[in-house]
Structure formats: structure tokens, C-alpha cells
Amino acid sequence: MAMEKIWFGGDYNPDQWDEKTVLEDMRLFKKAHINLVTLPVFSWAKLEPREGEYDFGWLDKLMDLFAQNGLGVNLATPTVAQPAWMSAKYPEVLPVDIAGRRRNHGMRVMFCYNSPVYRERAAAIAGALAKRYAGHPALKLWHVANEYGTYCYCPICRSKFILWLKNRYGTLEKLNERWYTSFWGRTLTDWEEINLPSELNDDYRFNPTIQLDYMRFVTDSTADCFTNEYDAIRRFSDKPIQTNMSGYIKKLDQFVMAARMDVVGWDNYPSPLHDKSLVALKHDIMRGLKGGQSFLLAEQSPNQQNWQPYNRLKRPGEVRMLTYQALAHGADSCLFFQLRQSRAGQEKFHGAVVGVSGREDTRVFKEMTQLGAELEKLSPVLPGMRSKADVGMLFDWNNWWALENSSGPNRDIDYLDCVNQYYRAFYEKNIAVDVLSCKSSFEGYRVIVLPMLYMFRGDLKDRLEAYVKGGGTLIATAMSGLVDENDQLPAQDYPAYLRDVLGLRIEETDALLKDRENAIELDGKEYSCRLVCDVVHTEGAKTLGRFTGEFYAGSPAVTLNEYGRGRAYYVASQPEQALLSHLIDGLGLKPVLDYTGEMEITRRENGERIVFFALNHGKSDAEVRLGGGEFTNLLTGERVRGEATVKPNDVGVFTARKED
Ligand code: GLA
Ligand code: ZN
């Protein structure tokens, strides 16, 4: 379901404005090259003022107005904010929080995703919207709810969880075994004895195995809640359906969510403190969710936010660079929260394309207008293009949960940080990375990286061994290959799932106190390391680097095992970035293109064309070597052969037809 163009626009709340303002917006949007508006995200109370009574008149008028003005609509179901009458009449639609409190009405994303009444009313309004607007010329795309992510602990969720467990484990015996309830005498003798893992029963450290299943269950329930509306829409409309996933992505397994969506959508709100590589990684995760399919940048701010601790303004050109970074990594849209600033409420100080003043001579409006004009030039070429990488990096939500729920060895273990560290080592060399799930095929990848892949599920062990035997290169890190899908250690040497392929065993793992370091000597240089250090015994692997400190000084810290036709590296700690950079230099991988300076370079392509993005993040001019053939810079229209110069804080987008 490729997008017909690069969508440029975003969240719009005309129900907060009078008609005159909305008409003025039509003029401003046209001027800014906006081609898509997302609405009515939060307007359930206005659309269904009384149960079963719909008022679509105002939306009809808007839809027609948008169509007349050449604007497409990303039509939202308003179901993330149920009307007050619904919470009053059916209190069970309100969620119970982890402390056991039934919440009351007031906030958005404050509903129980398992509530039958909620599901019934949500499907009804989603279906009514789809029926009414399926044939409307403005309709381009569907946007279900908004940033799901509630965790509910109500009685309905409890009964559904019990059903979910019956379905997963079949018998209580199996459940007791998989939950390892013999520990601390937690044996269950009846399904009804099962409680949700909340503060009512375990308020310092949840039983990690139960907690893990609850997170899986909440994901499945939320995905079902999405599907409830998806199915209602699909009865009438064939347009792509998605939901915008939150930038804070830990609570829901987004591989599961994305499997239900036609196209992935996500909201990018980088903190000014974050490295560019973290944003790039998040985009690559989003591209990985549907096996490399391009995605929608469903929200970003055209300027500051209101909800960060310090809402720094985006510097001139910064939103443009963030947008090209998204497109470079697989986005087919640039959608903003928000097109016109709200006059009051929580988000009144959030950036917007048009401020409350309504002016068009602002820095932000002018920058967005320039960006809109540029994207029109990329629009005929880019949508649907994919990328290819030699490196695959495994990313797994189940692993994230289990690893960070685990009590010990070190409370500072941070999965995303470790993934980002390895990702950054490739990113800084412009070696493309694909993010893979545990179920993805490894075919075609020269290197597979497992940053802290603590949990091994399904047939992963066999598939990884076959991959390396067949000539692949594996890099695994400390805290990998330890537990099964129920967070259980096999009664074997650590790391049970990687021992053969890595050719080693781990006897024990030391946790370093916060701000303490050890060091690794590798190829004549010393690198610091932190967090954890494994005491490793090689069993066939070659020792490349050794720890220099503590009682295990001299023991293996970086190893290499020849396995079949391939190689498997192990890094037994969390080393400084320079060690990873050095390790990667030995793998013989190539950057997307040769270049000078501080560039971020990616490649997207389809059957006919290639597009290279070259973003200059440095302070001086940089060059990129395009290689043979003639390219066109899509932004300037210039023909380029060989080398091209990119100015600081600027981007080159070069395209060429593929040779037949
Ligand atoms: C989220 C929501 C939007 C808005 C923005 C503000 O992403 O989806 O409705 O609240 O944050 O940054
Ligand atoms: Zn509930």
C-alpha cells in the first residue's frame, strides 16, 4: 500500500476554531504546500454527543472544504478520548491503575482496552465514519486512536488474562512449571487464584515471569483493540489503516502492533540531549517492524514541545534536517503535531506551523513552507522505496522487558542504550543496518549483531548456528543467550543458547558499581568498560582481548570463534565506543558511499531508481563520492557526476536510474 505522494501536514483541530479561521487556514496551508490533515483525533464527544446519536454535519463540511482545497485527510477515529457520558454511564470503560485505583474521567488514553462497552462503541463510531467517508475524495489514510499505551488492572482485564494464560499454557501444571512457582511457594491450585502483577501484591520487584506475560497480554489486548476498529473500517474502506505509535516505545511490543497495521506510523520527539544516532536507530526500528517497508512519520514538532523539561526551540534548519533524516531512513511523510496552535490547555505552548497570532511571516512558517516546496520535488520518486543493509541487528521487546525486569546483575542495565551503542558504531561509519526481529530471516546479511539478547525464543538458537555455519559473522555481547521465553535459565553453563557458536562458557558475571570501570586490552590498546564483566573460559574460541583489572585480570574479554564457515565474536562487557569501532573495522564492511566530513548517508531504492541521502551534520563543507553514472540532485535539479559537495546543515538528495 504505497503512499501516492510524500504526505506533508499533520494534526489539525478545527473544532477549536471559528469558520473564519478555518478558511484562513486553507489559504495558509496551500501556501505552505501542505497536502494532508489529520483529524478529528480527540473529537468523540462532538461526534457522538449522546450514545448512538452521531453529529457528522460539521465534519462533512470540513471534508468537503478540504477536498475543494486539494487537501487529503488522514481520517482519525476519535477513540482515544471517550466522551464524559460514556465514562459516567459505563464506569467499567475507565482503567484501574497499577496501585489498584479505578481512575475517573478527565484524561485522554484513559480507557480499558479490554472493556466490551468501549470496544463496542469504538467499533461503532469507526464503522460509521468509514461508511460515511469511504468514498469521499479527501480520504487518503486512516489513523486509529492515538498513541496507545495504557496498562489496565481491572477485573475485566484479570478474567481476560486468565483466559489468555489458559490458551497459552493449557494446564495449570504447565503454568506452574513455566512460571516456576515452586520458588517462594507461589504454587497455583486454581486458575481463579491468579492475580495481576500490580502493587497490590508485589510493590518492589514484580515476579519477572508473571510480569513478562502480563506485558505480552497487554500488547495482545491493545493490538486486538486496534483490530476491533481496523475491521470496522475495512468493511467500508480500502485505504491504508495505521495508528501513530508513541516515541516512548517500551510498553507495547511494536512488532505485534505493526503486524496488524497496513503501514507503520510513529511520532518522533527527540530530546535535545540525544545523539543523532538514537533518532536514526528509532527510524530503523520502525522500518524493521514490517520487514523493511517504508513508514509514516506521523508526528514531529515544527518547533519546540511543551512537555519536555526544557523546551528548547528547534534551531533554524533543524526541523528540515530531522525530516530528511526520517526520509533517509524510510519515512514517506512529514506530519506535524500540530498545524495550528491551541489557545489553551496542556499544549498551548507546543510548537505549531501556524501560531495563535495566525502570522505567515514567522521563522517557523517560512521554514515549513520551504520544506513543503522541497518535498514536492521528492514526491514523485521516493514513496515506497526500500533500503538494503549488510548488517542485521536483532531487536526484541520481550527481551527488553525481561532483561530490565530482571533483579540483578546490575540495575543500570539499559537495553536501548546497549543497542544504540552498537548501532552507533555502524552509524558513525555510515554502514547501513537493518533492525530485525527474532523471527526475521538472516539471509543476505554479512553480519548479525545481538546486543544484550538475553532471551532466546523459538528456534533462534538453531537459526543462528546455521547462519554462522553457512559463513555469516555474529557479534554477541554480555547478557546474551541466557534465558528462555519464560525467563528461565537452563541447568547448563552460561550462556546456554550461545555457548556452542561462541565456543566459550561463562562461569560468573561481575557487576560494576555506577561510575566504576574496568579495562580491556585489545590489539595493543586499552579500552575502558563498565556495567558487567563476564568471567569467561574459552572452549575453542580465540582470545582477542583481555580484562586488565580485578581478580579476573588476564581472562578473555573479547573472543572470536571459527564456527563452520563463519565467525562468532563475543564482547564480555560494555566497552567504550572506540573498542566497537575498532572491532567493526576488522569486518570488511563498506559505507553506503565514500565521503569526507561528518555526514549521514543512506540509500533507498526501487526497481527503477536509486536515491542517496547525504546529510551534512558537520560545521564545514563535506564531499560524497557518488561513483559512476549521472545523478540528479532532486533539491537543486543539478546534474552531478562523481563527487558532490554538501554544505553544513544541508542535505543532498541524489537520484539515478538503475542500469538495466
Ligand atoms: C503526542 C500526541 C499528540 C500531542 C503531541 C505533543 O505525540 O500524539 O496528540 O500531544 O504528543 O508533542
Ligand atoms: Zn481493564
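## Around ligand 1

A polar side-chain atom of E299 sits 2.5 Å from an oxygen atom of ligand 1. That is a good place to start a tour of this structure, which is a predicted model. E299 has company: the table below lists it with two other residues whose polar side-chain atoms come up to an oxygen atom of ligand 1.

| Residue | Distance from a polar side-chain atom to an oxygen atom of ligand 1 |
|---|---|
| E299 | 2.5 Å |
| W307 | 2.7 Å |
| D267 | 3.5 Å |

How much of the accessible area of ligand 1 does the protein cover? On its own, ligand 1 has 310 Å² of accessible area, and the protein covers 97% of that.

The residues around ligand 1 are F42, R108, N146, E147, N244, D267, Y269, E299, W307, F337, E347 and H350. By type, this shell has five charged, four nonpolar and three polar residues.

Where does ligand 1 lie with respect to the domains? Ligand 1 lies between domain 1 (35–255) and domain 2 (264–384), because both of them give residues to its shell.

Now for the rest of the chain. Along with domain 1 (35–255) and domain 2 (264–384), the protein chain has domain 3 (391–585) and domain 4 (594–657). Taken over C-alpha atoms, the centres of domain 1 and domain 4 are 43 Å apart.

One last stop is on the surface. Here Y180, F183 and W184 make a nonpolar patch of about 410 Å². To find Y180, look in the loop that runs between α7 (172–179) and α8 (208–234).

Conventions. Residues numbered from 1 in each chain as written. Chains lettered and ligands numbered in written order. Predicted model: local features only at pLDDT ≥ 70, side-chain atom pairs only at ≥ 80, totals over all residues. Heavy atoms only, no water. Near = heavy atom within 4 Å. Polar contact = N/O pair within 3.5 Å; in protein donor to acceptor, adjacent residues only side chain to side chain. Areas by Shrake-Rupley, 256 points an atom, 1.4 Å probe, with all protein chains shown as cover. Nonpolar A, V, L, I, M, F, W, Y, C, P; charged D, E, K, R; others polar. Domains from an automatic or database assignment. Patch = residues over 30% accessible without salt bridge, like charges linked within 9 Å, V, L, I, M, F, W, Y side chains within 5 Å. Salt bridge = Lys/Arg side-chain N within 4 Å of Asp/Glu carboxyl O. Helix = DSSP H or I, 4+ residues; strand = E, 2+ residues; numbered from the N terminus.
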